[in-house]
Amino acid sequence: MSESEKILYEQLKLICLGSHRMQNALRDYYRAFKQRAAWVRNDLLYVNELEKYEKRLIDEWDHAFGEMQDDLAEIKSLTEEEKAKAGRKLLSDIEKKDIRIRPKCEEAFVMRGSYHMLANKLKVGWHVDFFERLKGLLCT
């Protein structure tokens, strides 16, 4: 892992993601990054297509994140372990979605890796307190 994925790595550590899932997440991140770069390099995207796709992903995440926040708000003495578990469930639920940039783009790593790219910019997160805990990393 290089310095450029530091925030993603910290995001996944916050939810105590196991090493196998961590490796899968980083692999999806790199594969999506390479695929997206190839699309840009070969001029295969419509104007603002990636931005529109990311907005769709963020919107879908926002609904699921809000549901997680509501569920956690019902727990009186919320522990860090419960927050991490809820974050892992949120990540799992998001990974199971099928949100394609285009109908014929069937590679799931594009969506999963795009989510990890957004997480690396703190535009989405898995732990309920992700932004407060990691915002200091944006400046480093």
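The legends below describe close-up views of helix packing and of a pocket in a predicted model. Local features need pLDDT of at least 70 and side-chain atom pairs count only at pLDDT 80 or more, while totals for chains, interfaces and linings use all residues. Residues are numbered from 1 along each chain as its sequence is written, and side-chain values use heavy atoms, with hydrogens and water left out.

**View 1. Helix 3 packs against helix 4.** Helix 3 covers residues 49-73 and helix 4 residues 80-95; helices are DSSP runs of H or I with at least four residues, numbered from the N terminus. Their axes lie 10 Å apart, at an angle of about 150° (axes are lines fitted to C-alpha atoms over the stretch in contact, and angles run from 0 to 180 degrees between N-to-C directions). Helix 3 is therefore roughly antiparallel to helix 4 (angles under 35 degrees count as roughly parallel, over 145 as roughly antiparallel, 65 to 115 as roughly perpendicular and the rest as oblique). In the contact (heavy atoms within 4.5 Å), helix 3 places E60, W61, A64, F65, M68 and L72 against E82, A86, G87, L90 and I94 of helix 4. Eight of these residues are nonpolar, one is polar and two are charged (Ala, Val, Leu, Ile, Met, Phe, Trp, Tyr, Cys and Pro count as nonpolar, Asp, Glu, Lys and Arg as charged, and the others, Gly among them, as polar).

**View 2. The largest pocket is lined by residues including A64, M68, A86 and L90.** A pocket is an open set of points on a 1 Å grid over the protein atoms alone, where a 1.4 Å probe fits, with protein on both sides within 12 Å along at least five of seven lines; lining residues have an atom within 4 Å of a point. The largest pocket holds about 240 Å³ of space, a volume being the space filled by probe spheres set on the points. Helix 4 gives the largest share of the lining, six residues. By class, the lining has five nonpolar, no polar and six charged residues.

**View 3. Helix 4 meets helix 5.** Helix 5 spans residues 108-120, and its axis comes within 10 Å of that of helix 4, crossing at roughly 140°. This makes the two helices oblique. L91, I94 and E95 of helix 4 touch M111, R112, Y115 and H116 of helix 5.

**View 4. Helix 2 crosses helix 5.** The axes of helix 2 (residues 19-41) and helix 5 come within 7 Å and cross at roughly 100°, so the pair is roughly perpendicular. Contact residues include Y29, F33 and W39 of helix 2 and F109, V110 and M117 of helix 5.
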